[in-house]
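Dear colleague,

Please find the structure below, passed on to you for a closer look. I would be glad if you read my notes beside it.

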Amino acid sequence: MRFYKLSIVRGLLFMVIGTLLGVVITIMLRLLLGMSAWRAEPVLVAGALLGAVFFMFGTGVLDDWLKWARGEDTPEPSVESEIQGYKRYLHVSFDHKVIGIQYGVTSLFIMMVAGLFALIFRTELAQTGLQFLTPDGYNTLISLHGIVNIGAILLGVGAMSNYLVPLMIGANDMAFPRLNAFAYWINIPGILMLLSTIILGGIDAGWTGYPPLSANLTKIGFSMFFLGVYLIGLSSIFGALNLITTIVRMRAPGMSLFRMPIFVWSVLATSLIALTATQLIGLSFQLVLFERIFGMDFFNPEQGGNVLLFQHLFWFYSHPAVYVFVLPGLGVISELLPVFARKPLFGYRWVALSSMAIAIVGFFVWAHHMFTSGMASFLRVPFTYTTLLVAIPTGIKFFSWVATIWGGKLTFKTPMLYVLGAISIFLLGGLSGPPNATVATDLHIHDTYFIVGHFHATMFGGYLFPFIAAIYYWFPLMTGRMYSERLGKLSFWLILLGFYAQSLIQMQTGLLGMRRRIADYDPALGVDLQQLLISIAGFVVGLGVLVFVVNLVRSVRHGEAAVPNPWRSRSPEWQIPTPVSGHNYDEPFEVIGDPYDYGLEDSEYTTLGGSSPSPLPASAAAD
Amino acid sequence: MTSKKQPGPLRILIASSHPLFAQGLNSLLQRRTEMETVVVGMVSTIKEAVEALHELHPDLVIVDYDDDKVNREEFLARFVEGEGRLRVVLLSLKEGGDEAIVYDRRSMAASQIEDWLDDWSEFNEKASPNREYPVQMDEEQEQPQRRNTMRHIIVAGLLVIILTVVTILLLTNIRLLPEAASLQAIPIDDLFRLDFIAIAVLFSLIVGLMVYSIVVFRRRKNDMSDGPHVEGNIRLEVVWTLIPLGFVLFLAYYGSAALGETQAADPKPLRVDVVGSQWSWRFEYPDYGIISTELILPVDKQALLSLSSTDVIHSFWVPEFRVKQDALPGDGFERELRVTPDLIGNYKVRCAELCGRLHYDMLAAVNVVSQDDFDAWVVSQTEPLSDDPVERGEMFAQQFGCIACHSLDGTQLVGPTWKGVFGSQEQLDDGTSVLVDRDYLFKSIREPGLQIVAGYQDLMPANIAEGMTDEQIEDVIAFIESLR
């Protein structure tokens, strides 16, 4: 496939054309309406929007739908992709496995960009005084670090869900493969818009973008920020729709809901949230965007606007959003522990339903982000109760995990290390929750580094560690090769130890008075040493991530060939030849047992078999 | 799975992996039955049973109820889903002599099937309550297992206790909170201490058990077999749901009570209006007519702070006081915060909500002094204003936050320096040039953003001078003029 025919290249070309066209059309419209020809912000926003539409058109992801709209038929996509090598992933594909990898690679890439931003501002923060960043630049870097990482997490969740769910339920693809591709590609213009803010004045209102600050600052970057998040949100919604339909309708015969792999449960719960809540961040950002461009003073206090309204709308999504971030990762933990402990998942039904419980309760807690906001004082109390209630289903997961490994026969390959690390870090994050949940203590720690420590720990424990574990675990399935166990363990210890140091010290400095989102801190706080240590720890984490990525890249090309089902898993995706390609299952299989009946002799999960241990090479048997 | 009503002998399928059961039953059927039967197959695993159902179309299936290897629930689930006119007999040799359950697929309505499956599961639970534990062994073999488990629990429990103690010692011996300097801090710090203990206990519990498992429950070399088949334990699930629920409800209640305590209202507090502007604080004492850039408070007296902002959202926080409250812009959006300082000292208030470029530096002094010192300060502040407009202007320039962005010594800050600016010719950002005289300055203060000096951004808050009278602005201009 010629380079210039690849979807990404054509899409970008079309995007440039579309942007210019949008600019020209808007200028003409403005002149027609008697306004001045040029006002940078509305003109560029319109250009960006049209550019995004043209991008999608240029990639070719809309082609089949356009044909249907014209009454034409489209052939079924061929089983094997015609494009070889890495180029396959730069082109539109309807195969959920290709899309999953596209999601995953994009996610890792922008995560490293956001991580780079962090290393930059952590260098600035290592000492008091402003060394090399301007305050504006600093504020923009932390805001982008936040929103780009959030995008990376959503993409990573998309990667795991899209790649694994059809394989796990015995389907040959998702319910809506074209929608699946659309949901991936729309992230690209969204991410480009976010990154464009750097050269458009930056965004210094934090990733939360509260007005009036985000409405007043005459920085075009803000509008790009709002628009970019909007597009990424669309991806979430469509992806969730696709996943729910697939899970509800396309499970293999015999796979009742309580016979699904537990990861599928967590994706179901996640998708229910993403499908229904994402609209609220789109709405809240759209309102500020309209305030900026059209002068609609929703949040302008001088015109009777209410700044608290924004916060309620925003957090109504953004709290459930964090459960979108962590539920799949918690599902990965539940999925992997039985395999590496050779024991059933303890209390499978309770664990499955706990994901649903977290999803539901998560809708009722949003105002705990607003305890100091000036909302009605008495209303803060019920939110304390609901927020603390989330600890119950979460606790069920923790106890179930411990009970799963208790009495088992544990082995400690890299995926298992990351899973165990995830549990302890998510525990740390979760336990730093109650001081935030009770209003009185939250008054002290809100907007400090205690909060920063809390959410980084929950994100690393609930998303990043499980995501890396999943990549290592399913690596042989995706590539037919094994990763380097040595580099895997090295990356694990670097990230784990660096991150523990970082989190604990962050929480301490927050309690001592270190606010968040500040380019410089007062020496009178007495946290100079802590800040230096946090910066060093951050670099250690960054190094660990680098080792992980190097491991991936090297192993894709030069990794040792993997044996089939190296983990001796009962799950169906391991019972077919690796690497998995084309239509997943040549013949449909039936489910005839429970997924995690390790230890129950001769119990089969599916008609594909796989309960007997397969012979392992010598290197794998010696732990 | 379809089967027609076949004429001829009754076709029987026997499902059991125990040879004695299958062979024995087979012989019995051959010798003692009155109607014609033929055993069409004997299967010993569920897989074989499913295949046999498909291929052989038996009329009757006899399932060995005691056989662990034939997964009964699975088989019966299939049985229900199938379309064949089939009867299943569950036969047990253990549970009493005549315990045989017959289920007749030919005569059950669809709704009955659901109930039947439930009944069957219940029956199964009652009949073999030990299903959750490893395969039932006779008494002698069971005892060592139980002792082993107890040993694990005791050692792991000890580890958890040690970890808890160590963690609590650690948490209580490192500096975690700034000194408490307000009455409101008391219930808050109590709550923190409770939280720290709970965190130490729960962290040690989970991590302790995990570490124990990692060390003790490892796979032995060359042991490729699986671990014990433990699926769950309902009692344990209920316990570890209800106990945390109780604790969480207690914590929520205790925490809310603490909030109530921090909001206890003094009937005659000291009123202070706190105004945040990008990027400075102003404190006004309406009872005394004082405007100050420092917050001076008498010790042991509740101050009722009324917070507001002239532009974006700010937040008032003195770490030693613990309590925090956002300052919102807009009429009618004043928010109250009650603080009763109880420790004389010099503290700082630092803006705690990102408010733009100089958010990190939006600080002000907060001095808690004795009542006598406070009274003396009030007197000194309410002395009649200086006669000299320049002196007054300097005072107002500080109080209303001008100095945050305009330097007096030539340094370039957020806004143009005031040194030497009066009477000079300045180039504006639209290319025109203007004389910096009284008119220009007055307009620039009342309506910032109309005529911006080239090289600077439109950052001056629109209503920064909302609280200033014209005379006060004239004084400030006089002060600017004096800075040649």
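What follows covers the two chains, then the domains of chain A, then one pair of helices.

This is a predicted model, in which local features need pLDDT of at least 70 and side-chain atom pairs count only at pLDDT 80 or more, whereas totals for chains, interfaces and linings use all residues. Residues are numbered from 1 along each chain as its sequence is written, and chains are lettered from A and ligands numbered from 1 in the order in which they are written.

Chains A and B each give 78 residues to their contact (C-beta atoms, placed from the backbone, within 7 Å). On the side of chain B, 42 of these are nonpolar, 16 polar and 20 charged (nonpolar being Ala, Val, Leu, Ile, Met, Phe, Trp, Tyr, Cys and Pro, charged being Asp, Glu, Lys and Arg, and polar the others, Gly among them), and the largest share, 15 residues, comes from H6(B).

Chain A is divided into domain 1 (1–66) and domain 2 (93–614), with bounds from an automatic or database domain assignment. Their contact takes 17 residues from domain 1 and 15 from domain 2, and H2(A) gives the most to the domain 1 side, with twelve residues (helices being DSSP runs of H or I, at least four residues, numbered from the N terminus).

Finally, the axes of H10(A) (262–294) and H11(A) (307–341) come within 8 Å and cross at roughly 160° (lines fitted to C-alpha atoms over the stretch in contact, with angles from 0 to 180 degrees between N-to-C directions), and the two helices are therefore roughly antiparallel (over 145 degrees).

Best wishes

Methods
Parallel < 35°, antiparallel > 145°, perpendicular 65-115°, else oblique. Contact = placed C-beta atoms within 7 Å.
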